[in-house]
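Me: Please take a close look at one part of this model for me: the charged side chains and how they pair up. Spell out the cut-offs as you go, and put the pairs in the context of the fold around them.

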Amino acid sequence: MRENQEKIKKIQADGVSGGDKVIIKINGDGEIINIFISPEIMSEPKELLEDLIIAAISTISIDIVILNWKSVLFLIFGGVLWNLFCVISVSYTHLTLPTK
């Protein structure tokens, strides 16, 4: 069980907005592990930057739902369904899946 929890924690999801000008990265525990803000937008109004951060976080919300389903599948069924589900959905999300 602990091994599975560690694998899930290694999963990462990116929230992206402003054409990759703001990227927020979280891990499988939902912890923010990195925030990237492009120097190009630092001269923009504060309100625009706030909106881009909120938009990036909103895109993570979708990935978290998918991440939770993948975690449940992995814990219940193991690697076979996990791999199948990841192949089907990886092109629709910003998830970085752990390697073996």
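Reply: Let's start with burial: of the protein's 100 residues, 30% count as buried, meaning under 20% relative accessible area, with exposed being over 50% and partly exposed in between (1.4 Å probe, protein chains only). Keep in mind that this is a predicted model, in which local features need pLDDT of at least 70 and side-chain atom pairs count only at pLDDT 80 or more, while totals for chains, interfaces and linings use all residues. Residues are numbered from 1 along each chain as its sequence is written, and side-chain values use heavy atoms, with hydrogens and water left out.

The scaffold has 3 helices and 4 strands, which run α-β-β-β-α-α-β from the N terminus on. These elements are DSSP runs numbered from the N terminus: helices are H or I with at least four residues, strands are E with at least two.

Now for the charges. Side chains of opposite charge can pair when their charged atoms come close. The rule used here asks for a side-chain nitrogen of Lys or Arg within 4 Å of a carboxyl oxygen of Asp or Glu, and the count comes to 3 salt bridges.

Take K25 and D14, whose side chains meet at 2.9 Å, N to O. K25 sits in strand β2 (residues 22-27) and D14 in strand β1 (residues 12-17), so this bridge ties together parts that are 11 residues apart in sequence. D14 counts as buried, at 16% relative accessibility.

The strands behind that pair are neighbours in the sheet pairing too: β1 and β2 run antiparallel over 6 bridges, where two strands pair if DSSP finds at least two bridges between them. They make a hairpin with 4 residues between them, and G18 in the turn has a positive phi of about 65°. On the other side of the pairing list, β2 and β3 are also antiparallel, over 5 bridges. Their hairpin likewise has 4 residues between the strands, with G30 taking a positive phi near 85°. I26 is a handy marker here: A13 stands opposite I26 of β2, and I26 stands opposite I32 in β3.

Next up are K21 and E40, whose side chains meet in a salt bridge at 3.3 Å, N to O. This pair links distant parts of the chain, 19 residues apart: K21 is in the loop between β1 and β2, E40 in the loop between β3 (32-37) and α2 (46-77). K21 is partly exposed at 24% relative accessible area, whereas E40 is exposed at 54%.

Then there's E50 with K46, where the closest N and O atoms are 2.6 Å apart. The two are 4 residues apart in helix α2, so about one helical turn separates them. E50 is partly exposed at 35% relative accessible area, and K46 counts as exposed at 55%.

What about the greasy side of these elements? The largest nonpolar core has 9 residues: A13, V22, I24, I26, I41, L49, L52, A56 and I60. Such a core is a set of buried Ala, Val, Leu, Ile, Met, Phe, Trp, Tyr and Cys residues joined through side-chain atoms within 4.5 Å. β2 and α2 each supply at least two of its residues, and the largest share, 4 residues, comes from α2.
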